[in-house]
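I opened these notes to record what I looked up in the structure, entry by entry. The sequence and the coordinates come first, and my entries follow.

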Protein chains: 2
Amino acid sequence: MAAERAHIANNEANEPSSKIVRFGTDMPLKLDSGKILTPFQIAYQTYGELNAARSNAVLICHALTGDQHVASDNPVTGKPGWWDVLIGPGKVIDTNRFFVICSNVLGGCLGSTGPATINPETGKPWGLDMPIVTIGDMVRAQVMLVDHLGIDRLFSVIGGSMGGMQVLQWASSHPERVHTALPIATGARHSSQNIAFHEVGRQAVMADPDWCGGRYIEAGKRPEKGLAVARMAAHITYLSEAALHRKFGRNLQDRDALTFGFDADFQIESYLRHQGMSFVDRFDANSYLYMTRAMDYFDLAADHGGRLADAFRNTSTRFCLVSFTSDWLFPTEESRSIVHALNAAGASVSFVEIETDRGHDAFLLDEPGLFSAIDGFLRSAARARGLEELA
Amino acid sequence: MAAERAHIANNEANEPSSKIVRFGTDMPLKLDSGKILTPFQIAYQTYGELNAARSNAVLICHALTGDQHVASDNPVTGKPGWWDVLIGPGKVIDTNRFFVICSNVLGGCLGSTGPATINPETGKPWGLDMPIVTIGDMVRAQVMLVDHLGIDRLFSVIGGSMGGMQVLQWASSHPERVHTALPIATGARHSSQNIAFHEVGRQAVMADPDWCGGRYIEAGKRPEKGLAVARMAAHITYLSEAALHRKFGRNLQDRDALTFGFDADFQIESYLRHQGMSFVDRFDANSYLYMTRAMDYFDLAADHGGRLADAFRNTSTRFCLVSFTSDWLFPTEESRSIVHALNAAGASVSFVEIETDRGHDAFLLDEPGLFSAIDGFLRSAARARGLEELA
């Protein structure tokens, strides 16, 4: 247990509302790249109380641009937590019963060590000198946090998209510490098309002269235009053609007729511009590069000789996978291939495909099918584990 | 007939290999925006010979980034014409039988009047002072070209993607001048998602400081980075996930292992970067803005009270529509709704959906199903018109 060696502090600089655990040079993190990261820190939030048996902990893993504020107001945007619809007292993931943990991933930009934090060797922001982090590295840091909190075994690890990749990595690398795993709207590897979209986003950021080769903080600049373009392109992939047609169609924005110009004539244009502009207010451009790269690099089967089933051999973790019919970033086929691998590995696995036109982002929305799937699975798993008080 | 009023010249400045027709101030073009464009010029290529009856002319309409060099080497890239696989002596569109015409669209950048050509009022490049052009305006200019060539009735109007939109516009606005129409991989209106992708591309161009508010030519600059990003994003939409998986998967580029950095580790990354970089060598950034806007604005039903069938009332044109199963930019459903409208209008219509994983770009490729569909349709239409020499 690492609690005694880690230093707890409020992060007075960045995130007054987050807890911070700092891992000193006595607790270095060896990354997949072979590089050593030390010292480093992880910002996290907890909700509810850890029970005496330390058996009711649920780890939530966030997606590409998510953060630790999963069920409480986000201090940067002032908006409710990103999974506030799902997590809280009396909600599906009931913080009256579960001790919920969510940490900002390694390489993130809301309190955990990332490219915008200070490189102790130089006294300047890491920028691109920050080593590349992988999904595996994010999970290694989370393991240290869970150790620090004195928890041997997590009742559940839950996440969507990049969060789902972390769930799969947890279940593969630490099966004995994961009672149940819920990978949602995710894949065991990033597809060629998904890498392509990420590369477009990175090139958009890097094309912005205000990116300054990654040294924009010292230059007193921000590559806002490039990052906004990256977000706009990505945002399209989070939705679906059907949902865009339903919500926007070819509707005009506050006008009766086309203006025959390049203003945002169509609602979809002003919606996308808004998505781009509001994103740059809350996210660090270099972190965006690192997060997208971590997803691109994820390939769980490749780490196991090309056989995904071998990533889950002899696991006793119970799995529940969820996909959405209109998700074209992580189509149902991705989840199905994980289910096949888990079956081949002899794992206990449920799989729910939810009919919706809301695309990939459905996992973040008030989606009844998702909520009932998670609720039913967690209740059943709690009963099976003899944790009647959780069921 | 406009021939005597139009001035023919070789375009010694831009395109020595293209014919140019200049329409003087006595032949103004009234645009959909209400603005008048005059004078203006259209660059075009022809292949084969017009027969004595002037009944064997085939007009080819090019797509977003296409040009008039449909069946002969492109003078800018040195590559074969963009539909060289389809058009030429003895080919499916046989220039021993047909007189093939292809013009650079109005607003284009290969000889026709566009934002990079000189605004006669200022003596400087038009830039964004060029009026917005629509698909209807492109067709109006083509009508003037066809008049100039002394052709009353085209045996066929053929095009894919934005070219297909022009085909539909021709058939709708000038049914008496179009014997057969082949709209391929297209739609009667641009979808919300397609507008969204175009808007990302435009924002990428405009975010580049070298765009200079559209006045980059006078500034001696080119918004290459922004235009490359726009092209990269668009290029993904021209392919399909299946084709990307088949061609690139997660294969690495000239290396044995991940480099843990932001170089192009994956083949798909270097492929996309190449697509972006080679595009900026051959295309004008402002023209890209105008072409995407023309597609966004296209909505044939809206021009007819919301009923697409009313765009084709009492037409005697014979139609053949082609779609591709993996085209997610213009899914088969778009073609099917045009077919339904044509049926409702009592038109003669064939429809072929071609099974392929090559996505939207299939219309530009050596696709046997496409070739046999065009070949069969044109032969049958020629026989029906009594043009045995064409069949």
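**Entry 1: Asp361(A)**

I looked up the accessibility of Asp361(A) and found 16%, so the residue counts as buried, because the cut-off for that class is under 20% relative accessible area. I note at the outset that I am working from a predicted model. I then located Asp361(A) in chain A, in the loop between β15 (348–354) and α9 (368–384). Next I listed its contacts, setting aside residues up to four places away in sequence, and obtained His235(A), Tyr238(A) and Leu239(A).

**Entry 2: The annotated positions**

I consulted the UniProt record, an unreviewed entry, which places the feature "binding site" at Arg231(A) and Asp361(A). I checked how these positions lie in space: they are spread over 131 residues of sequence, yet they cluster, with a largest C-alpha distance of 13.8 Å.

**Entry 3: Arg231(A)**

I asked in which element Arg231(A) lies. I found Arg231(A) in helix α4 of chain A, which covers residues 224–238. Is Arg231(A) buried or exposed? Its relative accessible area is 10%, so I entered Arg231(A) as buried, the limit being under 20%.

I then recorded the contacts of Arg231(A), leaving aside neighbours within four places in sequence: Thr65(A), Tyr238(A), Gln275(A), Gly276(A), Phe279(A) and Arg282(A). Tyr238(A) had already appeared in my list for Asp361(A), and I found it again in the list for Arg231(A).

Looking further at Phe279(A), I saw that the charged end of Arg231(A) sits over its ring, 4.4 Å from the centre. I looked up the corresponding residues in chain B and found Arg231(B) over the face of Phe279(B), at 4.4 Å from the ring centre.

**Entry 4: Aromatic pairs**

I searched the whole structure for aromatic pairs and obtained 28 over all chains. I examined the pair of Phe262(A) and Tyr290(B), which is edge-to-face, with 5.2 Å centre to centre and 80° between the planes. This pair crosses between chains: Phe262(A) belongs to the loop between α5 (241–247) and α6 (267–282) of chain A, and Tyr290(B) to helix α7 (residues 285–297) of chain B. I noted both Phe262(A) and Tyr290(B) as buried.

I then examined Tyr290(A) and Phe262(B), an edge-to-face pair with 5.2 Å between centres and 80° between planes. Here the crossing runs from helix α7 (residues 285–297) of chain A, which holds Tyr290(A), to the loop between α5 (241–247) and α6 (267–280) of chain B, which holds Phe262(B). Tyr290(A) and Phe262(B) are likewise entered as buried.

I also recorded a cluster linked by ring pairs, made up of Phe197(A), Trp328(A), Phe197(B) and Trp328(B).

**Entry 5: The two chains**

I asked by what turn chain B can be laid on chain A. A turn of 180° with a shift of 0.0 Å along the axis does so, at an RMSD of 0.0 Å. I therefore recorded the relation as that of a two-fold axis. The same surface serves both copies, since 100% of the contact residues of chain B recur in chain A.

I took down the extent of the contact: 54 residues from chain B and 54 residues from chain A. Between them the chains bury about 4,800 Å², of which 68% is on carbon and sulfur atoms. In chain B, the residues that lose the most area to chain A are Arg250(B), Phe260(B) and Phe262(B), together 18% of what that side buries. I had already met Phe262(B) as a partner of Tyr290(A) in an aromatic pair.

Note on methods:
Residues numbered from 1 in each chain as written. Chains lettered and ligands numbered in written order. Predicted model: local features only at pLDDT ≥ 70, side-chain atom pairs only at ≥ 80, totals over all residues. Heavy atoms only, no water. UniProt positions renumbered as here; feature names shortened; annotations may be inferred. Helix = DSSP H or I, 4+ residues; strand = E, 2+ residues; numbered from the N terminus. Buried < 20%, exposed > 50% of the residue type's maximum accessible area, 1.4 Å probe, protein only. Contact = heavy atoms within 4.5 Å. Phe/Tyr/Trp six-rings, centres within 6.5 Å; stacked < 30°, edge-to-face > 60°. Lys NZ or Arg CZ within 6 Å of the ring centre and 35° of its normal. Least-squares fit on C-alpha atoms with pLDDT ≥ 70 in both. Buried area = accessible area lost by both parts, 1.4 Å probe.
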